[in-house]
Structures are given as structure tokens and as C-alpha cells.
Amino acid sequence: MTRMSITNSPKTATIDDAPLISRILTRAFDDDPMMRWFFPDDASREAGLSRYFSTIFARQYVHHGVCERTEAGAAFWVPPEAQAKAVPDAETIQVLQNILGDRAPLFRDAVETAAQHTPQEPHWYLAVIGADPAAQGRGHGAALLRSGLAKADAAGLPAYLESSKPSNLPFYEHFGFTVREELRLPENGPVLWAMWRAPRRPAGA
């Protein structure tokens, strides 16, 4: 009997992966409270999310972050030395404003609120992680999270993320994250849970 190939093994994402990653993350974040706040119209949400994720990946994270994917999951990490460069430039901000339309001011305020609470000490930032719900339970998210955390641990650095979906908190806690702060976004926006994980000594070190 032959073993099936492991399809949830992370690999480095390239710009050519943009369509696949956009599809994955659009499906992954369809029920996310913050994304539903940014894209409240059910009829146009899929198209809006697709353009949003394609833009931030192709214009921002693929160039300045550590982006990995599986066949049904994707994660964007930003190491400390790249965090200043990973901020979107003026042209990217304009593209995002066009995508968000009249929700653009809410997006700007949410980004500014989160930025005010970003830890100052060097850390690996998990900007985005998601898996296609159709592949739920197959370990795609866990594999991507382990891969990024291994890099943070190898550098002896903590990891930080923000989650707006309460059902995801136990998943992150399983990997050593703890809730550091609860942030309420402006204009009756959703809650963001800021989560922190101290570095662990790599196996065999």
C-alpha cells in the first residue's frame, strides 16, 4: 500500500501563487467578524475579499514578509527586521481604499488602533493565516503555524498576532499563545484579541 502525499506541508509562496492564495483566504475569512465588518454586503463580499487578499499579498507581504502556503492554507509572517518595510505604501493604500469603498475610513481606524497596541519589543508578527473550510481538520493551519513558530523560536524571538474570531483562540492557545489584550475597534467594530507567545528552545538545542 502506498502512502498518499502529504499535501499540507508548507512551501514558500511566490507571486505566481497569488490567485490560489486569494481563493484560499477569501474562503477562510468569509465568516470572520472583522472581514464582515469591512465587507458587510453578502453579495459583494467574495469579490471584495478576493481583491483585498490579492492586493496585500502581491503588493506587500510577498516582498517584505515570510509567506508560506499549502494546497489549502496560507500564512503571512513578518520578522522584526522587515516590519518597517511591510507597511503598505501610498499606492497600495489607495488600491485598498478603492476596494473598501465607503468602509475605507473604518479600515484605516482599525489599522491605526491595532498599531497603537503593537508590542515594541522585537517579535515575529503573524499578519494573516487561514485555511479553506473545505479542508478543515486536515492540518493545514497547524502546519503553517508550526512552520512560522519554528522560525521565530530559531531566532529566539516571541510571536504576536491579532484575532477577531473568538472560536480561533483555543487553536492559538494550543500552540502557546496567550491573550495579552482585548481591543474594541472604533465605530462599534468587533473585538480584537491580541495574543503573545514567548519563544521556545528549538528541539535538540
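The expected span of a helix is 1.5 Å times one less than its number of residues. Keep that in mind as we look around this predicted model.

**A helix with a kink**

Let's try the rule on helix α3, which covers residues 42-64. With 23 residues, α3 should span 33 Å, and its end C-alpha atoms turn out to be 32 Å apart, so the two values agree. Still, α3 bends by about 45° at F57. Quite a few α3 residues are tucked away too: among the buried ones are R45, G48, L49, Y52 and F53.

What does F57 pair up with? F57 and F76 form a stacked aromatic pair, with 5.4 Å from centre to centre and 25° between the planes. F57 sits in helix α3 while F76 sits in strand β3 (residues 73-78), so this pair ties together parts that are 19 residues apart in sequence. Both F57 and F76 are buried.

That pair has company, as the structure holds 14 aromatic pairs. Ring pairs also link F29, W37, F38, F39, Y52, F53 and F107 into a cluster.

**A strand with neighbours**

Now for strand β7, residues 191-197. How many of its residues are buried? The count is 7 of 7. In a regular strand, side chains alternate between the two faces of the sheet. In β7, V191, W193, M195 and R197 are on one side, L192, A194 and W196 are on the other, and all of them are buried, leaving both faces covered.

Here is how β7 links up with its partners:

| Strand paired with β7 | Bridges | Direction | One bridge pair |
|---|---|---|---|
| β5 (159-163) | 5 bridges | antiparallel | A159 with R197 in β7 |
| β6 (residues 178-184) | 6 bridges | antiparallel | R184 with V191 in β7 |

β6 and β7 also form a hairpin, with 6 residues between them. In that turn, E187 has a positive phi of about 55°.

**A lysine in a loop**

Last stop: K165, found in the loop between β5 (159-163) and α7 (169-174). Is K165 buried or exposed? Its relative accessible area is 18%, and the cut-off for buried is under 20%, so K165 counts as buried. The side chains of K165 and D31 are joined by a polar contact of 2.9 Å. Leaving aside residues up to four places away in sequence, K165 touches D31, D32, P33 and W193. W193 takes us back to β7, where it is one of the buried residues.

Technical notes: Residues numbered from 1 in each chain as written. Predicted model: local features only at pLDDT ≥ 70, side-chain atom pairs only at ≥ 80, totals over all residues. Heavy atoms only, no water. Helix = DSSP H or I, 4+ residues; strand = E, 2+ residues; numbered from the N terminus. Bend = angle between axes of the 7 residues up to and from the residue. Buried < 20%, exposed > 50% of the residue type's maximum accessible area, 1.4 Å probe, protein only. Polar contact = N/O pair within 3.5 Å; in protein donor to acceptor, adjacent residues only side chain to side chain. Contact = heavy atoms within 4.5 Å. Pairing = 2+ DSSP bridges. Phe/Tyr/Trp six-rings, centres within 6.5 Å; stacked < 30°, edge-to-face > 60°.
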